[in-house]
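Here are some exercises to work through with the structure open beside you. Try each task yourself before you read the solution.

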There are 2 protein chains.
Amino acid sequence: MKLTSKGRYAVMALADLARFNNINPVSLRDISLRQGISLDYLEQIFFKLRKKEIVQSVRGNQGGYVLNKKAKEIKLTNIFDAVDEKVKTVQCKKESKKSCNGKSTKCLTHNLWDELENHINDFFEKKSLEDLIKDNSERRI
Amino acid sequence: MKLTSKGRYAVMALADLARFNNINPVSLRDISLRQGISLDYLEQIFFKLRKKEIVQSVRGNQGGYVLNKKAKEIKLTNIFDAVDEKVKTVQCKKESKKSCNGKSTKCLTHNLWDELENHINDFFEKKSLEDLIKDNSERRI
DNA sequence: TATAAACCCGACTAAAATAGTCAAGTATCT
DNA sequence: AGATACTTGACTATTTTAGTCGGGTTTATA
């Protein structure tokens, strides 16, 4: 299971983007300043987000990024997936099925990890970017 | 968020222990062989489990470990806690509340991580060791 | 057309975490 | 007495993380 800064930054940056997503693209420089994330690191992250078509880039002066879909349609799963944050608790597929299939207690816990994985993925599957910014503006201001 | 081999090993080892928990204590050597976990590493893990009173040790020849409570009463939370696997998605408490409390979008995602944390902890809070071995024996054999 | 803003992309790296190993014990059963 | 098994601390190789660095290319605008 991984869930590290990269994933968090990606979500933070996209939430920021969703908020300031007007006519004009949002530059990474602005996001970097607002969210306190290194510009260079943001570039790495957005490179991946672009490849997965979550954002679109606008090159040149006054350029930046825009969301490629509606905030409602961007689920957290998509984001984590894009930046390679795999919610993977155990890689049982590698260990050939012979050594696993019901053999003693070794695999006793595998169902658990599967279950957990589904549980977490469900959570991420249901949450969209829109939920994030909506939740937040409801609670404050 | 961390959820690594140490946590998995701890759960596997305890599930093994719960299964073979008869009158006699179970030696780490046996668990090591059955689960394919290095004996030295198991010792480290059980040192922690003992300190948190999840297991009891029986020293000397024919010694080993026994569960210190009923399998039903040992929740996964307790296990992860004992081996320092913290389900912590973000440490927002450090960043003083001034810098966080509703200031722009920086904290926009904090509710999310809180929610996720609760979600996962809930899952672990509900699952006991007994659930594990019961689930498993139901499905096979 | 010059220039600055902004994206593009690969390579490198310090620090931390992980998953152990190693060594030298101590306790207890037979 | 001897074997088995727990106890404990220190050490370490490997991997991952969270970046940095450096050199591009593209495009708006003055």
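**Exercise 1. Sort the residues of the surface near DNA strand C by class, and find which elements supply them.**

Step 1. Start with the classes: the surface near DNA strand C has seven nonpolar, 14 polar and eight charged residues. Here Ala, Val, Leu, Ile, Met, Phe, Trp, Tyr, Cys and Pro count as nonpolar, Asp, Glu, Lys and Arg as charged, and the others, Gly among them, as polar. A residue is near a strand if one of its heavy atoms lies within 4 Å of it.

A word on what you are looking at: this is a predicted model, in which local features need pLDDT of at least 70 and side-chain atom pairs count only at pLDDT 80 or more, while totals for chains, interfaces and linings use all residues. Residues are numbered from 1 along each chain as its sequence is written, chains are lettered from A and ligands numbered from 1 in the order in which they are written, and side-chain values use heavy atoms, with hydrogens and water left out.

Step 2. Now look for the residues themselves: 29 of them surround DNA strand C, and the closest are A:F47, A:S57, A:Y65, B:S38 and B:Q44.

Step 3. Turn to the elements. In chain A, α2, α3, β1 (55-58) and β2 (64-67) each supply at least two residues of this surface, as do α1 (5-19) and α3 of chain B. With four residues, α3(A) gives the most. Helices (H or I, at least four residues) and strands (E, at least two) are DSSP runs, numbered from the N terminus.

**Exercise 2. Find which parts of DNA strand C the polar side-chain atoms of A:E43, B:Y9 and B:S38 approach.**

Step 1. Recall the cut-off: a polar contact is a pair of N or O atoms within 3.5 Å; within protein, one must be able to donate a hydrogen and the other to accept it, and residues adjacent in sequence count only if both atoms are side-chain atoms.

Step 2. For A:E43, the partner is a base nitrogen, 3.2 Å away.

Step 3. For B:Y9, the partner is a phosphate oxygen at 2.8 Å. B:S38 also has a phosphate oxygen as its partner, at 2.5 Å.

Step 4. Check the overall picture: of the strand C atoms within 4 Å of the protein, 65% belong to sugar or phosphate and the rest to bases.

**Exercise 3. Describe the surroundings of DNA strand D in the same way.**

Step 1. 28 residues surround DNA strand D, with A:S38, A:Q44, B:S57, B:G64 and B:Y65 the closest. Sugar and phosphate make up 68% of the strand D atoms that come within 4 Å of the protein.

Step 2. By class, this surface has seven nonpolar, 14 polar and seven charged residues. The element that gives the most to it is α3(B), with four residues.

Step 3. Look at three side chains. An N or O atom of A:S38 is 2.5 Å from a phosphate oxygen of strand D. For B:R50, the distance to a phosphate oxygen is 2.7 Å. The side chain of A:R59 has an N or O atom 2.9 Å from a base oxygen.

**Exercise 4. Describe how α6(A) and α6(B) pack.**

Step 1. Two packed helices are described by the angle between their axes and the distance between the axes. Axes are lines fitted to C-alpha atoms, for helices over the stretch in contact, and angles run from 0 to 180 degrees between N-to-C directions.

Step 2. Helix α6 (residues 110-126) of chain A and helix α6 (residues 110-126) of chain B pack at about 155°, with axes 11 Å apart. The two helices are therefore roughly antiparallel. (Angles under 35 degrees count as roughly parallel, over 145 as roughly antiparallel, 65 to 115 as roughly perpendicular and the rest as oblique.)

Step 3. Residues in the contact (heavy atoms within 4.5 Å) include A:L112 and A:F123 of α6(A) and B:L112 and B:F123 of α6(B). By class, the contact residues divide into 10 nonpolar, two polar and two charged.

**Exercise 5. Describe how α2(A) and α3(A) pack.**

Step 1. The angle is about 120° and the axes of α2(A) and α3(A) are 9 Å apart. These helices are therefore oblique to each other.

Step 2. Among the contact residues are A:L28 and A:I31 of α2(A), and A:L39 and A:F46 of α3(A).
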